[in-house]
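Here are some short exercises to work through with the model open in your viewer. Try each task before you read its solution.

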Amino acid sequence: MPGKDGESESIADKYFVCTECLVEGNVQSFVDLFYLTHSQDAAKEQSQQQQQQQSQQQALNEESTTSFATYDVLQFLKNKLTEAEVAQREGGYDIVFESFMETARHFKSKSDHKRVIYFLTKCLEVARLSQDVAREAEANEMLGLTKEEMGQLKEAIQYHEAHRDLVSSYGREMTDQAGHNLIRAYRRLAEELQKQGDVEGSIMYFQKSLKSAIDINDQEEEGKSYRLLGSAYLLLQDYELSASNFHKFLSICQETQDRVSEGLACSHLATAYEAKGDRASSIKFLEEYYEIALSTGELNSQREACGRLGIIFNAAADFNRSVEYFTKAFEISRSLGDKKAIDVDRYIPAIYPLSLALGSSAPYSLPCISSPPLTSSFLFHSALLVVLNCYLAR
């Protein structure tokens, strides 16, 4: 029994357009259009029967309304499907491919991923049937991008790899695009695996992203891949490999004269060496990080470097240098207008004379922390701990 007028008209429109396909002798078009329209009607009916899934089904129904909202949209789909069927009978594979591709783009504009995949798969079949390598590559790329949007990253990677292999002989521009698609997909999957606790699995895909970056000679992406690998090995507590990858990241930054990224590389190297227990190397790279930040005017980086140096020198019982760097960190915070840091400044005069009276050792020191969150609050409590250390060592 018909429902509201709009629903009744929609059902009548679908019936009329589908019947037109049969009358015109286009059976495959009828099958495709019937699937596209009535699969949504079935979903709507199921929603009415299963109240507990109401919220999820509502999203599907909204998608249905968007995809088939008007008679004009139904006619557009019917025309494209019949156009493709007639052309296929006559061997006009170019027309078939473009008709399916236009239909896929229509559904893509509506974020209807399921039907985008349906028609892109048809495009891929037509391209393979006609041995059209360029169009096969295009279909694979579109399928890869759509699967990425759906979060199906492993399937996306398979399509992107097929795209890369197909365009390898087509020139630099197309190869670069395929390479960048793969770098992005590899990294997304690696980051997802890392969140799931599979660090070794993430390393495998970070390495794949590195190879893709090298293949297309993209130094910026190559450096980023080394940085991500260094961080992943740090999570595995493989400090040698972590430092090795960070060194490669640093070399690329120096070669490309990217001073800001060079500072970041020094910061990461300091973290790796600190975790390894090599305090001297950690201090060396933090000092380089600070000098680079001075040259680039990166105040937040200056503050981070000084705060971390203050912690390390305090742990080494070198309180004069510890206070020197903490003082710099606080002054930078004040120049940034950090109100909490301004409150901290009044404790500096107490730290310095006490540290001078200490000599070279203290019974307590700040813990050695890799890459601490150097907020003004953190530095405030660090300063208080230095004061306490100095007091206890008297």
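## Exercise 1: A residue at the surface

With a relative accessibility of 42%, L22 counts as partly exposed. The model you are looking at is a predicted one.

**Task.** Find the helix that holds L22, and name the nonpolar surface patch to which L22 belongs.

**Solution.**
- Step 1. L22 sits in helix α1, which covers residues 5-23.
- Step 2. A patch takes residues with over 30% relative accessible area, and L22 is at 42%.
- Step 3. The patch consists of L22, V27 and V31, and together they offer about 240 Å² of accessible area.

## Exercise 2: The overall picture

**Task.** Describe the protein as a whole: its secondary structure, its share of buried residues and its exposed area.

**Solution.**
- Step 1. Counting elements gives 19 helices and zero strands.
- Step 2. Of the 394 residues, 45% are buried.
- Step 3. About 19900 Å² is exposed, and 50% of that comes from carbon and sulfur atoms.
- Step 4. For contacts between residues at least 6 apart in sequence, 60% join residues at least 24 apart.

## Exercise 3: Nonpolar cores

**Task.** Which residues have the most contacts inside the largest nonpolar core, and what does L269 touch?

**Solution.**
- Step 1. As background, nonpolar side chains in soluble globular proteins tend to be buried together.
- Step 2. The largest core here has 44 residues, and I157, Y205, L269 and F285 have the most contacts inside it.
- Step 3. Once neighbours within four places in sequence are set aside, L269 is in contact with A243, F246, H247, L250 and F285.
- Step 4. Another core, of 28 residues, lies apart from the one around L269; its members include C18, F97, F100 and L143.

## Exercise 4: Helices α5 and α7

**Task.** Compare the end-to-end span of each helix with the expected value, for α7 and for α5, then list buried residues.

**Solution.**
- Step 1. α7 has 17 residues, which at 1.5 Å a residue should span 24 Å; the end C-alpha atoms are 24 Å apart, so the two values agree. If you wonder about the arithmetic, the expected span uses one less than the number of residues.
- Step 2. α5 also has 17 residues, and reaches 24 Å from first C-alpha to last, close to the expected 24 Å.
- Step 3. In α7, 12 of the 17 residues are buried, so the helix is mostly covered. Among them are R135, M142, L143 and E148.
- Step 4. The buried residues of α5 include V96, F97, F100, M101 and F107.

## Exercise 5: Salt bridges of α7

**Task.** The structure holds 24 salt bridges. Trace three that involve α7: R135 with D94, E138 with R105, and R184 with E148.

**Solution.**
- Step 1. R135 and D94 meet at 2.8 Å, N to O. R135 is in α7 (residues 133-149) and D94 in α5 (residues 93-109), and the two are 41 residues apart. D94 is partly exposed, at 46% relative accessibility.
- Step 2. E138 and R105 meet at 3.4 Å, N to O. Because E138 lies in α7 and R105 in α5, this pair ties together parts 33 residues apart in sequence. Both count as partly exposed, E138 at 26% and R105 at 39%.
- Step 3. R184 and E148 have their closest N and O atoms 2.8 Å apart. R184 is in α9 (residues 172-195) and E148 in α7, so the pair connects parts 36 residues apart in sequence. R184 is partly exposed at 33%, whereas E148 is buried at 4%.
- Step 4. Now widen the view around the R135 pair: D94, E98, D132 and R135 are linked in a network of salt bridges.

## Exercise 6: Positive phi values

**Task.** Where does S111 lie, and is Q237 buried or exposed?

**Solution.**
- Step 1. S111 is not a glycine, yet has a positive phi of about 60 degrees. S111 comes just after α5, in the loop between α5 and α6 (113-129).
- Step 2. S111 counts as partly exposed, at 47% relative accessibility.
- Step 3. Q237, also a residue other than glycine, has a positive phi near 65 degrees. Its place is the loop between α11 (219-235) and α12 (239-255).
- Step 4. Q237 has a relative accessible area of 57%, so Q237 is exposed.

Notes: Residues numbered from 1 in each chain as written. Predicted model: local features only at pLDDT ≥ 70, side-chain atom pairs only at ≥ 80, totals over all residues. Heavy atoms only, no water. Patch = residues over 30% accessible without salt bridge, like charges linked within 9 Å, V, L, I, M, F, W, Y side chains within 5 Å. Areas by Shrake-Rupley, 256 points an atom, 1.4 Å probe, with all protein chains shown as cover. Salt bridge = Lys/Arg side-chain N within 4 Å of Asp/Glu carboxyl O. Helix = DSSP H or I, 4+ residues; strand = E, 2+ residues; numbered from the N terminus. Buried < 20%, exposed > 50% of the residue type's maximum accessible area, 1.4 Å probe, protein only. Core = buried A, V, L, I, M, F, W, Y, C linked by side-chain atoms within 4.5 Å. Contact = heavy atoms within 4.5 Å.
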